[in-house]
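Reader: I'd like to walk through this model with you, one feature at a time. Mind if I fire off some questions?

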Amino acid sequence: WEVVAPCAAVGAGFAPAPPRLVLYYSKSIRELRGTPAWPSLEAFLQGASSKPWRRCFGSVSLLGGNLTEAQDRYTRDTAGSEVAWSSGPSVQFYRMLAYYSARPGTTVYYMDPDSVPLARFWLDRLMRDMHAQRPFSVLGSTYRGSNWDSFSDEEIPVALRRHLNGNAVYNVSHPFLLEALSQHSDELWTT
């Protein structure tokens, strides 16, 4: 974000308020503090206020998904042979939606951790698109990869059959998403 600025100016197009940047960790924040990554993350959080991109966000904070060790699975080497190889990110994602759905009127842009914006002022564009497309449930595209091609529809959990790529805007107050959340269970991902 030092090279590809998220926004052009403070609060530009961010009505009624600038977005919040939330770093979302799969486990609890208490567990995060005990990892080797914590010193770097703490330095990032403390130094964020001096970064040019910080003006694009109303706040910067942490949120924990509180997944158990069994739920927090991401074993890429079993992608072709085990349907639940990526259950950790899926459970974490649904927990994030549940967390924000308890806050009416919330819209969330979920950005996969390995995403790298390529266009300057990408957040400005995203906010304009979001406001222009209202009302919506999800703004984003479907998954276009091949990780589940070797499985039949019967083997794949329903939630994966129409899997989004992760980089999307979610209106967590929309009836469609609330219905999807009502059908979700962490156990769907551990079988």
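Reader: Over how many bridges do S3 and S5 pair?
Author: Quick note before we start: this is a predicted model. S5 covers residues 168–171, and S3 runs against S5 in the antiparallel sense. One bridge partnership links Thr107 with Asn171 in S5. As for the count of bridges between S3 and S5, that's four.

Reader: Which strands stand at the edges of that sheet?
Author: The sheet is open, with three strands in the order S3-S5-S4 and antiparallel pairing. A strand with a single partner has one side left without a neighbour in the sheet, so the ones to pick are S3 (107–110) and S4 (138–139).

Reader: On to empty space. What volume does the second largest pocket have?
Author: Rolling a probe the size of a water molecule over the atoms shows where empty space is left. For the second largest pocket, the volume comes out at about 240 Å³.

Reader: Which residues are the closest to the centre of the second largest pocket?
Author: The lining has 15 residues. By class, they split into 11 nonpolar, three polar and one charged. Closest to the centre are Tyr109, Met111, Trp122, Leu126 and Asn167.

Reader: And which element gives the most to the lining of the second largest pocket?
Author: Both helix H4 (122–133) and S5 supply at least two residues of the lining. The top contribution is three residues, and it comes from H4.

Reader: Now the helices: H3 is what, relative to H6, parallel or oblique?
Author: H3 spans residues 87–101 and H6 spans residues 175–183; their axes come within 10 Å and cross at roughly 125 degrees. Angles from 65 to 115 degrees would count as roughly perpendicular and those over 145 as roughly antiparallel, so this one falls in neither class. That makes H3, relative to H6, oblique.

Reader: Is the crossing of H3 and H6 left-handed or right-handed?
Author: We've got the angle already, at roughly 125 degrees. The way H3 passes H6 is left-handed.

Reader: Any backbone oddities? Which residues does a cis peptide bond join?
Author: Most residues other than glycine have a negative phi, and most peptide bonds are trans. Here there's a cis bond with omega about -5 degrees. Its proline sits in the loop between H4 and S4. The joined pair is Arg134 and Pro135.

Reader: Which residue has a positive phi although it is not a glycine?
Author: Look in the loop between strand S2 (59–64) and H3. The phi there is about 60 degrees, and the residue is Asn66.

Key: Residues are numbered from 1 along each chain as its sequence is written. This is a predicted model: local features need pLDDT of at least 70, side-chain atom pairs count only at pLDDT 80 or more; totals for chains, interfaces and linings use all residues. Side-chain values use heavy atoms; hydrogens and water are left out. Two strands pair if DSSP finds at least two bridges between them. On a 1 Å grid over the protein atoms alone, a cavity is a set of points where a 1.4 Å probe fits but cannot get out, and a pocket is an open set with protein on both sides within 12 Å along at least five of seven lines; lining residues have an atom within 4 Å of a point. Grid points are joined across faces, edges and corners, and a volume is the space filled by probe spheres set on the points. Ala, Val, Leu, Ile, Met, Phe, Trp, Tyr, Cys and Pro count as nonpolar, Asp, Glu, Lys and Arg as charged, and the others, Gly among them, as polar. Axes are lines fitted to C-alpha atoms, for helices over the stretch in contact, and angles run from 0 to 180 degrees between N-to-C directions. Angles under 35 degrees count as roughly parallel, over 145 as roughly antiparallel, 65 to 115 as roughly perpendicular and the rest as oblique. A crossing is left-handed if the near helix is turned anticlockwise from the far one by less than a right angle, and right-handed if clockwise.
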